[in-house]
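Colleague: Please take a close look at the disulfides in this model. Walk me through them, and then through what surrounds them.

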Amino acid sequence: MRSQTFHSEELAFEREERRPRIRARRHGFGFIAGAGLLIAFGIFLLVAANAPNPVQTASPNAGPVAPPLPVWINIAHPIELFSLTPPQFAKSPFLYEARRHRFGGGREDILTFGQLDAPGPYLRLVLYRVGAEVAPDAPLYVDLARTAAQADLSIGRSLTPATLATRFGALEVADVDLASAAVASVPCLGFRGGALDGKFRLSGFACGGQAQPISRPALACLIDRLDLNEAGDDKALAAFFAASELKRDPACRGVKLAPTAPRASWLDQNDARPQLKRKKLL
């Protein structure tokens, strides 16, 4: 009986003596496992840092990336919604262009008379009927620089703008120097204006000549000759032009745009049509 008790106490003592060893082994295994995980995580970060960027490295089998669609679409054979018949440009080349905004439906009509690098006056008139697209306001110089760039021109000098009254409302007008690949500098007037809460915009350049640039009164009379040929369903634009008819300046009749003598015609004689000749009755 005593021997059995002694044997049980001996087994209990051995269990208690082995527990610290087991705990030590467990702690050792945990430390090794944690260190292994840290090493593996470090290797993963190193490989990820040196891996090629899939965004920057194009696949050799990938096709060419298509360029974004242009915002403006040129109209091949536009209907001439506007007309301008200054007699001083009777012999000058004339170009009528138009383009449509791809997303908003707005339309720009561009009337160009003459050439900047040729003798005689030059006029580029941009008429913008804003559609559903966003057309934020910009400083005058930014608008003029954009208009010049569309015609492959550049602005070399720009003075402080002033206000000019016209039948379409007040215009911002500034003295500018235009340049092209063929001519270094031509003194011009850059202008812009707006109506219909900014939904109808008018801008461009008017140039006389090196000896005598165009004057502000001559520019006002030139804009005074602008007419609307076709408005379609645009009742607001039609009403705006109809109301502006009452604001035509009678003093503009016969005003010269440039020092070159205009061709004599009934358009130059106070816009009065020539009298009809009566036939004698037999």
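**The disulfides and their surroundings**

Modeller: Start with handedness. The torsion about the S-S bond of C188 and C207 is about 100°, so this disulfide is right-handed. C188 sits in strand 9, residues 186-195, and C207 sits in strand 10, residues 200-207. The two cysteines are 19 residues apart in sequence, so their bond ties together separate parts of the chain. The S to S distance between C188 and C207 is 1.9 Å. Both C188 and C207 are buried. Keep in mind that this is a predicted model.

How many disulfides does a search of the whole structure find? The count is 2. The other bond joins C221 to C252, with an S to S distance of 2.3 Å. The torsion about the S-S bond of C221 and C252 is about -80°, so that disulfide is left-handed. This pair links distant parts of the chain, 31 residues apart. C221 belongs to helix 3, residues 216-224. C252 lies in the segment after helix 4, which spans 235-244. Are these two cysteines buried or exposed? C221 has a relative accessible area of 10%, so C221 is buried. C252 is at 9%, so C252 counts as buried too. Number the bonded cysteines in sequence order, and the pairing reads 1-2, 3-4.

Now for the packing. In soluble globular proteins, nonpolar side chains tend to be buried together. Here the largest nonpolar core has 30 residues. F82, L125, F191, L219 and L226 have the most contacts inside this core. Several elements give two or more residues to the core, including strand 9, strand 10, helix 3 and helix 4. Strand 4 (107-113), strand 5 (122-129) and strand 8 (169-179) do so as well. Which element gives the most? Helix 3 does, with 5 residues.

Look at L219 in detail. Leaving out residues up to four places away in sequence, L219 touches L164, V173, L189, F191, A206 and I214. Another core lies apart from the 30-residue one. This other core has 15 residues, among them L144, L153, A174 and V186.

Aromatic rings come next. The model holds 11 aromatic pairs. Ring pairs link F82, F168, F200, F240 and F241 into a cluster.

Follow F240 and F241 into helix 4. The buried residues of helix 4 are L237, F240, F241 and S244. Why do they line one face of the helix? Seen down the axis of helix 4, they fall within an arc of 95°, so they share that face. An α-helix has 3.6 residues a turn, so residues three or four places apart point the same way. The cover over the buried residues of helix 4 includes strand 2 (82-83) and strand 11 (227-228). Strand 5, strand 9 and strand 10 help cover them too.

E245 is in the segment after helix 4. With a relative accessible area of 38%, E245 is partly exposed. Setting aside neighbours within four places in sequence, E245 is in contact with R167 and D227. The C-alpha atoms of E245 and D224 are 9.2 Å apart, and these residues are separated by 21 residues along the chain.

Compare helix 2, residues 140-150. Its buried residues are L140, D143, L144, T147 and A148. These cover an arc of only 130° around the axis, which puts them on the same side of helix 2. They pack against strand 9 and strand 10, where C188 and C207 sit. Strand 5, strand 6 (154-158) and strand 8 also pack against them.

Two loop residues deserve a look. D152 lies in the loop between helix 2 and strand 6. D152 has a positive phi of about 60° although it is not a glycine. D152 has a relative accessible area of 65%, so D152 is exposed. L196 is in the loop between strand 9 and strand 10. L196 has a positive phi of about 55°, and L196 is not a glycine either. At 27% relative accessibility, L196 counts as partly exposed.

Finish with confidence. The chain averages a pLDDT of 79, and 67% of the residues score at least 70. Over residues 258-282 the pLDDT is below 50. That stretch has 19 contacts in the model beyond near neighbours in sequence. Where pLDDT is low, the predicted coordinates should not be read in detail.

Definitions and conventions: Residues are numbered from 1 along each chain as its sequence is written. This is a predicted model: local features need pLDDT of at least 70, side-chain atom pairs count only at pLDDT 80 or more; totals for chains, interfaces and linings use all residues. Side-chain values use heavy atoms; hydrogens and water are left out. A disulfide is a pair of cysteine sulfur atoms within 2.5 Å. Helices (H or I, at least four residues) and strands (E, at least two) are DSSP runs, numbered from the N terminus. Buried means under 20% relative accessible area, exposed over 50%, partly exposed in between (1.4 Å probe, protein chains only). A nonpolar core is a set of buried Ala, Val, Leu, Ile, Met, Phe, Trp, Tyr and Cys residues joined through side-chain atoms within 4.5 Å. Contact means heavy atoms within 4.5 Å. Rings of Phe, Tyr and Trp (its six-membered ring) pair if their centres lie within 6.5 Å; planes under 30 degrees apart count as stacked, over 60 as edge-to-face and the rest as tilted. The arc is that of the directions from the helix axis to the C-beta atoms. pLDDT is the predictor's confidence in each residue, from 0 to 100.
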